[in-house]
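These are my notes from a sitting with one structure, kept in the order in which I looked things up. I wanted to see how the strands are arranged, what packs on them, and what lies enclosed.

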Amino acid sequence: MLAGLNDRFPALEGWIRQAQALLDPVRVVLAPSDDVLTLTWSMQGEQQVTSVPLPQDLVRAGVPLQREVLGDTLADLLLDQGLVAVQVEVELLLPLPCCQWRRLQGAAAATLSNGDDLRALGPDLGWSLSLQESYLDLLPDASTETVMVVGVERLVLQAWLDTLALADLSVRRAEWLLCAAWRGLACLHEQDLQQPLIWLVEHSGSWRLLLLLHGWPELDVALEARDLAALRVEVLGLVNAWMEQNCEPGSAALPLPGWRVTADASWRGCWGDSHDSLTLGPLLGDAETSLVELALMAPAEVP
């Protein structure tokens, strides 16, 4: 019966698809960078991933410059995968250069519940961002009087929202790529995070070093090195200095940290070739996953 109606009224099938999309929208995660758009979604229980390279200067330093062109590119990419805008809800992973974060501790931090509380407190976070001109996201842990603050300039976030609006896409939520990857890391290493963890992160050719204690980033440093030999020298120097700083006189030395490398597949297995687990600590992962892949392992809802 329905097939017969579809033959007589071709538009009926489109209306039915739109109605189904509104009732059961597809969650699509968008991870943009300066040179590529990556989309992932679930179809019949299987994760689908697709990427498209971007021409130069469509996105620069994480900011969309040519929004209409970028919106059209995104809409075409979805259409190529059989997805239409009306059936899609986007979860945006903001590019690495867009955001900054800081860990706050203490009784004052424990009282913070939203961005307005933080603006009223007005701490010096050492950011290049202005608290008054930024969107702020807070991830608290009341048990340790700790809160992670993530900030993004209002105009940058609005630029991405405008780009998605030009593609007729609705946005379910936005999160920083690194913050989502950090939450994904916690899912992978829930037990290991009770010990110090050295987390090396590569994305789009750049590296950063994060030193985690009890699961929280104590230090986040952009690295200058690019090749493996120079990278190893720079990292070991920073790690040794951090370990010495955290060994107070008369206190027990920190246990050997775990190590995890999150990087593009071209780096897979490279760090482990010269890693001495007996003196440095166990290598828990050697670029088995990229930063985007790790971010996708995070729970869909932020706790």
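**Entry 1: a helix across a sheet.** Which strands does helix H6 lie across, and at about what angle does H6 run to E6? I noted before answering that the model is a predicted one. Helix H6, residues 154-166, lies across E1, E6 and E10, and its direction is at about 150° to that of E6. I then found that H6 also lies across E8 and E9, where it runs at about 70° to E9.

**Entry 2: the chain as a whole.** I counted up the secondary structure and have 10 helices and 15 strands for the chain. The chain has 303 residues, of which 43% count as buried. Among contacts with a separation of 6 or more, 60% are between residues 24 or more positions apart.

**Entry 3: the five-stranded sheet.** I looked up the strand order next, and it reads E3-E2-E1-E6-E10 in an open sheet of 5 strands with mixed pairing. Strand E3 (46-53) and strand E10 (170-176) are at the edges with a single partner strand each, and therefore one side of each has no neighbour in the sheet. From one strand to the next the twist averages 20°.

Within this sheet I followed one pair in detail. Strand E1, residues 26-32, and strand E6, residues 88-94, pair in the parallel sense, and 5 bridges connect them. To fix the register I took Val26, whose bridge partner in E6 is Val88.

**Entry 4: the three-stranded sheet.** Here the order is E7-E9-E8, again an open sheet, with 3 strands and antiparallel pairing. Strand E7 (99-105) and strand E8 (134-141) are the edge strands, and each of them pairs on one side only. Ignoring direction, neighbouring strands of this sheet are turned by 20° against each other on average. E7 and strand E9, residues 146-153, run antiparallel and are joined by 7 bridges; as a register mark I wrote down Gln100, which stands opposite Gly151 in E9.

**Entry 5: helix H7.** I wanted to know where H7 sits relative to the strands already listed. H7 lies across E6 and E10, running at about 75° to E10, and it also lies across E7, E8 and E9, running at about 50° to E7.

How many of the 12 residues of H7 are buried? The count is 9 of the 12, so H7 is largely enclosed by the rest of the structure. The buried residues are Leu177, Leu178, Cys179, Ala180, Ala181, Trp182, Arg183, Gly184 and Leu185; I marked Arg183 in particular when I read through this list. As a check on the helix itself, I compared its length with expectation: at 1.5 Å a residue, the 12 residues of H7 (177-188) should span 16 Å, and its end C-alpha atoms are 17 Å apart, which agrees.

**Entry 6: the cavity.** I searched for enclosed space and found 1 cavity of 30 Å³ or more, with about 90 Å³ of space in it as the largest cavity. Of the 13 residues that line it, the closest to its centre are Arg27, Glu91, Leu93, Arg173 and Ala295. The elements giving two or more residues to the lining are E1, E6, E10, H7 and helix H10 (291-296), and E6 provides the largest share, with 3 residues.

**Entry 7: strand E11.** Is strand E11 buried or exposed? Of its 7 residues, 197-203, 7 are buried, so E11 is largely enclosed by the rest of the structure. I recalled that in a regular strand the side chains alternate between the two faces of the sheet, and I therefore sorted the residues of E11 by side. Leu197, Trp199, Val201 and His203 are on one side, Ile198, Leu200 and Glu202 are on the other, and both faces are covered.

I then looked up the partners of E11. With strand E12, residues 206-213, E11 pairs in the antiparallel sense over 7 bridges, and His203 has Ser206 as its bridge partner in E12. The hairpin of E11 and E12 has 2 residues between the strands, and in it Ser204 takes a positive phi near 55°. With strand E14, residues 258-262, E11 pairs in the parallel sense over 5 bridges, and there the bridge partner of Trp199 is Arg260.

Note on methods:
Residues numbered from 1 in each chain as written. Predicted model: local features only at pLDDT ≥ 70, side-chain atom pairs only at ≥ 80, totals over all residues. Heavy atoms only, no water. Helix = DSSP H or I, 4+ residues; strand = E, 2+ residues; numbered from the N terminus. Expected span 1.5 Å × (residues − 1). Buried < 20%, exposed > 50% of the residue type's maximum accessible area, 1.4 Å probe, protein only. Pairing = 2+ DSSP bridges. Axes fitted to C-alpha atoms, helices over the stretch in contact; angles between N-to-C directions. Contact = heavy atoms within 4.5 Å. 1 Å grid on protein atoms, 1.4 Å probe; cavity = no way out; pocket = protein on both sides within 12 Å on 5 of 7 lines; lining within 4 Å. Points joined across faces, edges and corners; volume = space filled by probe spheres on them.
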